[in-house]
Amino acid sequence: MKRILKRIIVTMLITAAISIVVFAAVNIYVISYSSKYILTDKQAAELTDVDCITVLGAHVRDDGSPSYMLESRLDTAIELYNNGVSEKMLMTGDHGQHEYDEVNNMMDYALANSDISKENVFLDHAGFSTYESAYRAKAIFDVEKSVFVTQKYHLYRAVYNARKNGIEAYGVVCDDYDWPGMTYYKFRESLAVFKDFFGCLFNVKPTYLGEKIPISGTSEASHDRTNG
């Protein structure tokens with residue numbers, strides 16, 4: 001009985017050790033793969049034929065204003081727009097419930113703080129995760145080349161997901177601020193990297209697909225309201 005118990009414990013320890021090594025290796029690989037596609041804003045301005053600037057959603061407050069993290073992403077996207085990176089933006093985030101709407105509020109902020117026209121702001125209401133945002137950017141919006149904007153810790157995964165879904169993706173870091181709770185964010189991100197690695201590997205379908213709204217056209221079909 002003791003021998004059996006010992007074998008079980010040894011097997012569990014070996015399995016745990018292998019799992020930790022694989023987990024770490026996947027995260028290192030994704031970061032290494034994406035690092036060469038992370039650009040400065042000046043480098044991004046030198047790119048040509050960029051279909052859109054993709055802004056990944058984050059929390060919005062009850063009054064519709066963006067959280068500080070999301071505001072930072074939007075401000076950087078506006079700066080890239082002003083620098084001529086692309087005349088179009090793709091706002092992708094969570095609008096799965098009527099009472100919670102990231103993407104329309106993201107558009108409102110961009111319209112209020114830049115001269116971008118509404119017809120050039122595309123909304124992905126079903127970008128419920130970074131993986132789904134990347135998948136749908138290609139599958140629904142026909143994005144071929146895009147600059148993704150988010151915080152640095154998140155950007156590696158965003159670029160990786162996009163490139164593995166067929167987009168010539170680049171990333172620009174929106175800030176290097178040490179946000180409160182960053183240790184938690186980074187730990188959660190490492191788990192998400194591991195999950196998305198296998199999502200890309202097995203081409204996991206997003207929650208929703210739907211009719212195409214090519215980024216090469218106008219954004220009207222992506223809008224769900226007529227006011228504003």
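# A guided tour from Ser34 outwards

Begin by selecting Ser34, which is buried with a relative accessible area of 0%, and keep in mind as you look around that the model on your screen is a predicted one. Ser34 is found in helix H1, and if you display its surroundings while leaving aside the neighbours within four places in sequence, you will find it in contact with Tyr156, Val159 and Tyr160. One of these deserves a closer look, since the side chain of Ser34 reaches the backbone nitrogen of Tyr160 at 3.4 Å.

**The whole chain**

Now zoom out until the entire protein chain is in view, and colour it by secondary structure, which should show 7 helices and 6 strands. Followed from the N terminus on, these elements run α-β-α-β-α-β-α-β-α-β-α-β-α. The radius of gyration of the chain is 19 Å, close to the 17 Å that the globule rule gives for 228 residues, so the chain is as compact as a globular protein of that length. If you turn the C-alpha trace along its principal axes, it spans about 75 × 40 × 35 Å.

How much of the chain counts as buried? Of the 228 residues, 49% fall into that class. As for how the chain meets itself, among contacts between residues at least 6 apart in sequence, 76% join residues at least 24 apart.

**Arg157 and its partner**

Next select Arg157, which is found in helix H6. Is this arginine buried or exposed? Arg157 counts as buried, because its relative accessibility is 10% and the cut-off for that class is under 20%. Show the side chains here and look for Glu189, whose side chain is joined to that of Arg157 by a polar contact of 2.7 Å. Beyond its neighbours within four places in sequence, Arg157 is in contact with Val30, Thr130, Glu189, Ala192, Val193 and Asp196.

**The largest pocket**

Turn on a surface and look for the largest pocket, which has a volume of about 560 Å³. To find it, select Gly57, Ala58, Arg73, His154 and Arg188, which lie nearest its centre among the 24 residues of its lining. Which helices should you highlight around this pocket, as each supplying at least two residues of the lining? They are helix H3 (68-82), helix H5 (130-139), helix H6 (152-164) and helix H7 (182-201), and H7 gives the largest share, 5 residues. If you colour the lining by residue character, it divides into 7 nonpolar, 10 polar and 7 charged residues.

**The second largest pocket**

From there, move to the second largest pocket, in which about 330 Å³ of space lies. Select Lys152, Tyr153, Tyr156, Met182 and Lys186, the closest to its centre of the 18 residues that line this second pocket. The elements that give two or more residues to this lining are helix H1 (2-35), H6 and H7, and the largest share, 5 residues, again comes from H7. Coloured in the manner used before, the lining of the second largest pocket divides into 8 nonpolar, 3 polar and 7 charged residues. Tyr156, one of the residues closest to the centre of this pocket, was met at the start of the tour as a contact of Ser34.

**Loops and the segment after H7**

For the last stops, select Glu46, which lies in the loop between helix H2 (41-45) and strand S2 (52-56). Glu46 is exposed, with a relative accessible area of 64%. If you draw a distance from its C-alpha atom to that of Leu201, which is 155 residues away along the chain, you should read 31 Å.

Two further residues can be picked out by their backbone angles. Asp142, placed in the loop between H5 and strand S5 (145-150), has a positive phi of about 55 degrees although it is not a glycine, and at 29% relative accessibility Asp142 counts as partly exposed. Then go on to Asn203, in the segment after H7, where a positive phi of about 50 degrees is found although this residue, too, is not a glycine. Asn203 counts as partly exposed, at 38% relative accessibility.

Definitions and conventions:
Residues numbered from 1 in each chain as written. Predicted model: local features only at pLDDT ≥ 70, side-chain atom pairs only at ≥ 80, totals over all residues. Heavy atoms only, no water. 1 Å grid on protein atoms, 1.4 Å probe; cavity = no way out; pocket = protein on both sides within 12 Å on 5 of 7 lines; lining within 4 Å. Points joined across faces, edges and corners; volume = space filled by probe spheres on them. Helix = DSSP H or I, 4+ residues; strand = E, 2+ residues; numbered from the N terminus. Nonpolar A, V, L, I, M, F, W, Y, C, P; charged D, E, K, R; others polar. Buried < 20%, exposed > 50% of the residue type's maximum accessible area, 1.4 Å probe, protein only. Polar contact = N/O pair within 3.5 Å; in protein donor to acceptor, adjacent residues only side chain to side chain. Contact = heavy atoms within 4.5 Å. Rg over C-alpha atoms; globule rule 2.2 N^0.38 Å.
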